[in-house]
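Work through the exercises below with the sequence and the 3D structure in view, and try each task before reading its solution.

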Amino acid sequence: MPTLFLHFFLFLFTTTVTNVVPAVHSNCIEDQKQSLLHFKNSLVFYSSSYSKLITWNSSTDCCSWLGVTCSTNGRVVGLDLNSEYISCNIDKSSSLFQLQHLQSLNLAHNNFNDSSIPSAIGKLANLRYLNLSKAFFFGQIPIEVARLTRLKVLDLSIYYSSRELKLEKPNLGTLIQNLTELTELNLGRINLSAEGSLWSQTISSSLPKLSQLTLSYCDLSGPIHESFARLHSLSMLILDGNYISAPVPKFFANFSSLISLSLTDCTLHGAFPKEIFQVPTLQSADLSINSELRGSLPEFPKNGSLESLHLSRTKFSGGLPDSIGNLKLLSKLDLSDCNFTGAVPKSLANLTQLWSLDLSSNKFSSPINSIQWDKLIKLEHLDLSYNLLHGSIPLSPFSIPLLQSLLLQGNHFSGQLLEFSNVSSYLLYEFDLSSNNLEGSIPVSIFNLPMLGSFNLSSNNLSGFPFYGLQESRNLSSLDLSFNSLLFNHNGTNSSLHSPQIQRLNLASNKLKTFPSFPKNQSYLTELDLSDNQIPGQIPNWIWELPLINTLNLCCNKLVSLEAPLLGSTSTYNLEKLDLHSNQIQGQIPLFLSGSYLDYSGNNFSSSIPTNIGDFIYPTGYLSLSSSNLYGEIPKSICDASHVILDLSNNSLSGTIPQCLTQTSSLKVLDLRRNNLTGSIPDTFLEGCGLETLALGRNQIQGQFPKSLANCSTLQVLDLGINQITDAFPCPLKTISTMRVLMLRSNKFYGPIGCPETNGTWPKLQIIDLAHNSFNGEIPGTSLTTWRAMMVNGDDDRNYLGFFWSQDGRFGFAMSYEDAVTATSKGLDMDLEKILSSFTSIDFSANEFNGTIPKEMGQLRSLHVLNLSSNAFTGEIPSSFGNMRSIESLDLSQNHLSGQIPPQLATLTFLSWLNVSYNQLTGRIPTSTQFSTFPNTSFEGNKGLWGPPLTAIVLPPPTLNGSSSNPNSGDEIDWNVISVEIGFTCGFGIAVGSLLFCKRWRKWYYRAMFNILFKIFPQLEHRFGNHRRHVYINQRYWRRLNG
């Protein structure tokens, strides 16, 4: 896209300059010549055979000098010093400003050392074309530019990395209000935030002839005002990287001359007007990186003019219409990371001008082998990865002569790769088929692709690979066969004579049971991955002696030792990254190697850490010896390394923590959990301490909390749980705003947790565990309201807490560490080996907290786990708990809570574990689907509670003056209520039985009922007399039957 814009702009520039400044050679006027020579002599520039300035000399006519254009009468009217490597200042006294007949001035792409644009620029009143772009000018744009009223083209855009060129006084309105002749304006990357959302009105009211506008990365805000529709001549509009934050105006479709539209990364939303795609003149449209912009593609007319279409990282959806094939001029189509569905249309084969096609990360679901890919003769990049495509892999793409990369990973392709015949993709370098369902063996003819350099077949169901065929592919540098089931039988015979010089080889997770021998002769091999196989025994010596190897991963095998002899000098080897974790290696820690990343965790060394370990690991940034059965003390020499991550957890290390570990500025993660360390934590953390994770839990550490830890202002995770630390609540930590996890459980902390003299907050706090200490007093509700991470929706569930570090972004120097803690949830202790960034928990259990539970706790809407059990809380359960919509586990047991269970708790649909037992709660248990799943034990020990799931006969106890007459009668039957019910039942039965079995009662009953009715309603006797007679007849009938 940038190349397209550049070519387009250069074409327009050439046309403009040709029209504005006619190229005429004539005799130069002497004073004009002298002004140019003085200007040249004032410049510092790099002189080369390509420089225009070296042609400027006094012996030739200045109108013949490169970069100089003269009028018919010998006056200099054009000066083009673009990209002349000028590196100096230009002041207002420069002879340049004596050339007052100049109509075109181009000083772009030079370096004027962050100097100001000279105010004398206003003397050049005849300028039509002024280009000072990317020339490292700095400061306020002078008001004198606004006086160049004849300007047609103005370009003041700056580099991304250059110092700021300001437009404040004058502002945008003042600058352009008199430049009514402007047709092209480029202020790219100049901060125009002061204009607010008025910039569009300012431009539309001042520049009626504007045809090209570039305001990319200018900190503009939206929406775009409707007056912008008045710019009828607009042909190019580039607003990339602003904060428009509005829908795209429909009137853009009325710009009948629109050629290029670029609105990438503008926080656009709403539905995109598809009519804009149908503007007949439109050649380029870039709407990428607008994650809330919706839309779909229209039916494209025949012979459409679109040449480039970018919609990546938007919410465009629907199908890709067959009419896409009508865009015969389309050269680049990028629809990646959208929501497109359906089939990939066959009409793509009509786009013969395409050089790049990217449909990755959508939901296209169809075979692709019926598309005539070989008709796309100009195609260089084809990316269909991460869709739902299925069927077999077609062979026609391998007949595209210019194809360089073919990416098909992350789909549902199946079957076996066919033999590659009639291959003409001689330039194909990158071929990725990973994460599909391919089976069988790879045909040896794949190596007929002579330029193939990167081949990825990982995560399939392949059973064979023609290693003997590698000799045919001499350019192959990266081969990934991991996560397959390869039958690896290659023995390496003559491999040194024919095999290519592979640099990266990945054979992880292939059930290998021996070291493959063919890598032994790969003298260019830099990265080898044999992890997660079944390789037993020794690590062979040859693997360390590969001359260029710097990354080796042998983790998760059955290795027990290293083959002897081993060289003693670390300088002998080039390894930067070595991963041996989760094997069965015994004996001493391997110290003949030194690298930036050493992971020896999960082995069985059964030894102490050598006292001279620092002599071997001095350049190591990542060192993990966790879970390796180590004992003894931590040697002080371990501090000699420039550690970023040091993990010695889950061993049997004893002694004290070396003081030097608290005095290093490079250390980001220190994990010493689950050892037998004693003594106190050294209170020597330095100013500027960079620790982000400090994990010392499950040791025998004593003493006080180190106050200097507050110097670690970037600390995120602090785990001191299950030790013997004796101190008050560590209030100095409140100044660390980055804190996310605080674990102090099972120590000897005491006193209140309020910190009235500390103003700091924990806006990112998501886990706090103070359980099993001696904290007391009330919980300060105001502090809870500062824990913002528990009040708003959490981060993406796929994110985990941890640390990532990369040195200069180079491969092999990246290292990561994932935080882990033990948390109590649903009555059980859980070891969280990974902590979701959305997981939130509060555990204050088993302390001496008292008073009421603060109602502010109900504001923690994103809280998942709350445990306040085994304290001395009184009062009622706050009804605000009904606002905790994410709560899954709630434990309030063993307190002195009274009152009823708030009915609002019945609305908590995620609540799967509740315990309010052994309090003084009363009333009926709320009924809901969730509450019906809780066992009796969740409510036991509350003598005033009744209703399901407790025993069904349990009824509310009798009360006298609002209180129970017998505190122990909660489970007894209330006979006052029962006697009333029995009396009613007996009376009703006697009355009905008398009517049925006693005729005297029955006769009396009928007469009495009719007499009562007729006295109340006399008219009934007249209307229902016959009915009364029938009653008497019936009575006589009954009399006969009973007689």
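The exercises go from the whole chain to its cores and then to a single residue in a predicted model.

**Exercise 1.** Describe the protein chain as a whole, starting with its helices and strands.

*Solution.* Begin with the secondary structure, where the protein chain has 10 helices and 63 strands. Next, turn to burial: of the 1043 residues in the protein chain, 52% are buried. The surface that the protein chain exposes comes to about 46500 Å², and carbon and sulfur atoms supply 51% of that area. Finally, take the contacts between residues at least 6 apart in sequence, of which 56% join residues at least 24 apart.

**Exercise 2.** Find the residues with the most contacts inside the largest nonpolar core.

*Solution.* The largest nonpolar core holds 261 residues, and those with the most contacts inside it are Ile203, Phe228, Phe252, Phe465 and Trp544. Several elements each supply at least two residues of this core, among them α2 (30-41), α4 (199-206) and β34 (558-562). There is also a second, separate core of 11 residues, which includes Val741, Val821, Leu832 and Val865.

**Exercise 3.** Decide whether Gln409 is buried or exposed, and describe its surroundings.

*Solution.* First locate Gln409, which lies in the loop between β23 (405-407) and β24 (412-415). Its relative accessible area is 9%, and buried means under 20%, so Gln409 is buried. Then, leaving aside neighbours within four places in sequence, list the contacts of Gln409: Ser385, Tyr386, Asp432, Leu433, Ser434 and Asn436.

Conventions:
Residues numbered from 1 in each chain as written. Predicted model: local features only at pLDDT ≥ 70, side-chain atom pairs only at ≥ 80, totals over all residues. Heavy atoms only, no water. Helix = DSSP H or I, 4+ residues; strand = E, 2+ residues; numbered from the N terminus. Buried < 20%, exposed > 50% of the residue type's maximum accessible area, 1.4 Å probe, protein only. Contact = heavy atoms within 4.5 Å. Areas by Shrake-Rupley, 256 points an atom, 1.4 Å probe, with all protein chains shown as cover. Core = buried A, V, L, I, M, F, W, Y, C linked by side-chain atoms within 4.5 Å.
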